[in-house]
Amino acid sequence: MLHSIKLNDQDYEQLLGEALARIPLYTNEWTNFNVSDPGVTILQNLSSFSMLQQSLLDEVTDELRLKLLGLLGFYPSGIRAARLLVAPEDGGGRRLPAHEKLMLGSTCFETRGEVELIPWSIAGVFRNSGSQIRDLTHPLQYATHASVQVFGAKPQAGDALYLILSGALQPGMTLHFHAGVQNENWRNPFDPEQELSFARMRWQYYTADGWKDVVCLDETHGFLLSGGLHVTLGEAVPAVWDGMAVTGCAVRCLLEQAEYDIAPRVLSLVGGLFEVEQRNTHAASFRFAGSSEVHIRSAMTRYENLFVYCRETADGPYFQYTQYAGAGEGRYYLRQDEPDGSITLQFDRQTFGFGPDEGADAICAVCYDLETLHRRHIGTAYGYEDQQIELPELSPLLSEGFSVLAELPMADGQFSYYRIEPNDKRETSLCYEVSASDGALHIKYNGLSGAVQLYLCDAATTTGEGGNLRAGSRLHETPDIYLPDEPPKVFYTAPGRGVGGRSAETPEQLRRRMMDALRRRSSAVSEADYEQAVRTTPGLCIHKVRAVAKEQQNLVRITIKCYTEDDRPQLPACYLEQITQRLEQYRMISTRVELCQPQYVPIDVTAVVHVRRYYENARAEIEEMLRRELDYITSDHTFGETIRFTELYRKLETQPCVDGVYLLTMHPAPGSDAVMQGADIVLGESSLCHLGKLTLEINTSLAH
């Protein structure tokens with residue numbers, strides 16, 4: 001039913017023919033079946049009406065589909081704006097207001113709040129492991145494309161990474177870094193609802209009183225994934241530290257516990273960044289507690305489209321105020337444009353007779369861009385069931401932070417206003433939902449009196465996942481709104497990619513997700529189910545998995561190989577713990593699960609080969625070919641496969657340097673679970689092979 005409904009597939013002619021054929025069953029007095037007969041005309045009308053009803057019954061609307069999916073516990077995911085870390089190419093040294101727009105083509109990013117671009121950067125990066133200090137500055141700062149093990153090959157508790165920073169840092173500021181990490185594609189995504197940490201870190205910064213702890217929002221999970229590091233300094237003033245070859249303000253990362261499966265390898269580490277969000281604000285409200293003076297610092301004020309509303313009594317409505325023009329008493333405010341681009345609004349109840357209450361949000365100033373100003377009135381809410389107000393020019397609409405102003409007439413002819421956010425459940429308010437996919441307001445009910453005029457108060461659009469830009473993107477500030485053809489002067493570079501952008505899920509996409517979830521097993525039944533459960537364990541680097549069921553023992557034995565930098569890795573204890581916890585969610589209650597470490601079996605090879613005369617490096621090429629063909633550890637081969645003698649012989653025989661193969665034998669090393677089967681070798685169910693002892697005799701062919 002979620003996909004299609006077809007209650008009746010008869011067309012009009014079939015319906016009419018069936019009705020005419022039934023007439024003799026009810027009466028023998030009706031004998032004229034021609035179209036001129038009034039009774040036949042009535043049947044034609046009824047058949048047409050039946051077809052019309054049938055088409056409505058057959059139609060599955062998006063609203064119906066969403067309600068049916070909601071009964072199954074599936075709800076569409078909303079749209080979400082991407083976040084991006086950028087650095088000013090001119091070094092900064094200025095202040096950006098809220099809603100400052102940075103552009104890449106037609107894609108717009110904005111500052112969420114006021115940003116002070118204090119010039120700072122990473123002057124030095126040092127690793128302290130025990131008593132050994134290593135300078136990592138050059139490979140991390142100058143894009144050498146060489147990875148650096150920031151905590152060494154074997155990280156230990158007590159190791160530290162020191163970042164020496166240039167610039168005048170201030171207490172309380174947030175330092176944004178971006179780390180680019182190697183081999184992050186080996187790792188499964190981390191589960192945000194599950195705590196999994198391969199290291200416990202302690203971030204600190206240096207002050208006159210020594211090292212002080214700071215709060216760090218780590219998106220890299222301990223330098224295992226590329227992402228941002230957001231370090232917020234405390235109230236103490238940062239001091240210059242001279243403990244390394246480079247002096248400056250210092251931040252350090254201490255390893256208090258380290259159980260890494262793979263030692264972190266970092267390709268780049270960049271500082272001096274700030275965060276922007278992929279959104280384009282068309283209307284923005286600024287709310288303040290009641291005061292005689294407020295300041296608005298936003299790029300939206302450049303459009304000069306400012307509307308001011310004040311609440312004069314606690315919990316009362318807003319009233320619109322206008323700029324004073326020397327007309328005596330009334331609802332007025334004074335405006336002053338500051339040198340830094342901000343605006344100051346002043347209210348004087350004593351002079352003008354009206355002013356804002358002292359409560360929260362008593363003052364609401366709304367700014368519109370040039371295009372939205374003329375369509376800020378979005379429609380009338382009448383209150384009938386499921387009224388929809390289209391906003392096609394605001395699609396895809398970012399539902400976060402959206403709001404409207406409801407205008408109600410008063411008995412004295414004036415208008416009062418209420419700011420209303422989506423899903424306001426109060427009986428005396430307007431309840432509506434925002435649809436990001438079609439850019440529309442869906443009004444559930446109108447608890448306000450009569451028809452209500454609606455105006456935009458807060459509105460922004462976003463491209464969703466389209467904002468997840470690639471690393472290295474270059475953005476620029478928008479030119480002056482009154483000089484749009486003027487070339488941009490300031491550019492910004494993004495060292496990492498945009499993250500977090502998500503488009504609104506359509507009903508069809510939601511239906512497909514539901515079908516995938518229904519097909520997905522909640523319990524592991526087959527060997528493939530166990531392998532899939534292990535392979536997708538969040539946060540782990542799983543390379544190979546093989547599950548073997550022992551039905552008589554009611555046992556499933558699972559062998560797992562992880563990605564590590566070791567040639568023949570074994571599963572760390574944290575892997576065994578995480579995989580065991582995951583399998584507890586899937587295994588049948590009567591089924592036992594045994595996790596096995598991989599076994600690595602050397603294959604000894606003896607070969608006598610005739611090579612072509614004057615062919616250089618023949619021995620090296622043959623050894624490399626045998627090593628590659630017998631490498632079941634890093635290749636796509638899995639556990640327990642059979643090594644085919646004929647395939648290896650054919651590969652050796654067809655090498656460009658080989659003129660003929662006189663002898664080729666292969667045997668598993670003693671003590672392994674591999675067995676000979678004729679000339680082939682069958683590996684054990686937990687075994688992978690590699691080249692062991694090689695005895696290679698090279699003869700030069702005399703056939704030429």
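This is a walk through some features of one structure, from its aromatic rings to its helices and loops. Keep in mind that you're looking at a predicted model.

Let's start with the rings. A pair of aromatic rings is described by the distance of the centres and the angle of the planes. Here, 21 aromatic pairs turn up. Take tyrosine 206 and tryptophan 211: their ring centres are 5.2 Å apart and their planes meet at 65°, so this pair counts as edge-to-face, given that the cut-off for that label is over 60 degrees. Now move on to tryptophan 211 and tryptophan 241, where the centres are 5.2 Å apart and the planes are at 70°, so this pair is edge-to-face as well. What does the pair tie together? Tryptophan 211 belongs to strand β12 (residues 210–213) and tryptophan 241 to strand β15 (residues 240–241), so the pair links parts that are 30 residues apart in sequence.

Tryptophan 241 is buried, as its relative accessible area is 13%, and the cut-off for buried is under 20%. Put these rings together and you get one aromatic cluster, made of Tyr162, Tyr206, Trp211 and Trp241. Tryptophan 211 has a charged partner too: the charged end of arginine 252 sits over its ring, 4.2 Å from the centre. Elsewhere, arginine 311 lies over the face of tyrosine 318, with 4.4 Å to the ring centre.

Next, find valine 181 in strand β10 (residues 174–181). Is this residue buried or exposed? With a relative accessibility of 7%, valine 181 counts as buried. If you leave aside neighbours within four places in sequence, its contacts are Phe223, Leu224, Leu225, Ser226, Arg265, Val266 and Leu267. For a sense of scale, the C-alpha atoms of valine 181 and asparagine 554 are separated by 43 Å, and these two residues are 373 residues apart along the chain.

Now for some backbone quirks. Most residues other than glycine have a negative phi, and most peptide bonds are trans. The bond from serine 395 to proline 396 is cis, with omega near 0°. You'll find proline 396 in the loop between β26 (387–390) and β27 (403–409). Asparagine 423 has a positive phi, near 60°. This asparagine lies in the loop between β28 (415–420) and β29, and at 40% relative accessibility it counts as partly exposed.

Strand β29 (residues 430–435) is also home to serine 435. Serine 435 is buried, at 14% relative accessibility. Not counting residues up to four places away in sequence, serine 435 touches Leu397, Ala440 and His442.

Further along the chain, asparagine 617 has a phi near 60°, again a positive value in a residue other than glycine. Its place is in the loop between β37 (599–611) and α10. Asparagine 617 is exposed, with 57% relative accessible area.

That loop brings us to a pair of helices. How do they cross? The axes of α10 (residues 618–629) and α11 (residues 645–653) come within 10 Å, and the crossing angle is roughly 150°. The cut-off for roughly antiparallel is over 145 degrees, and α10 and α11 therefore run roughly antiparallel to each other. Their crossing is right-handed. Which residues meet there? From α10 come Ile622, Met625, Leu626 and Glu629, and from α11 come Leu648, Lys651 and Leu652.

Conventions
Residues numbered from 1 in each chain as written. Predicted model: local features only at pLDDT ≥ 70, side-chain atom pairs only at ≥ 80, totals over all residues. Heavy atoms only, no water. Phe/Tyr/Trp six-rings, centres within 6.5 Å; stacked < 30°, edge-to-face > 60°. Helix = DSSP H or I, 4+ residues; strand = E, 2+ residues; numbered from the N terminus. Buried < 20%, exposed > 50% of the residue type's maximum accessible area, 1.4 Å probe, protein only. Lys NZ or Arg CZ within 6 Å of the ring centre and 35° of its normal. Axes fitted to C-alpha atoms, helices over the stretch in contact; angles between N-to-C directions. Parallel < 35°, antiparallel > 145°, perpendicular 65-115°, else oblique. Left-handed = near helix turned anticlockwise from the far one by under 90°. Contact = heavy atoms within 4.5 Å.
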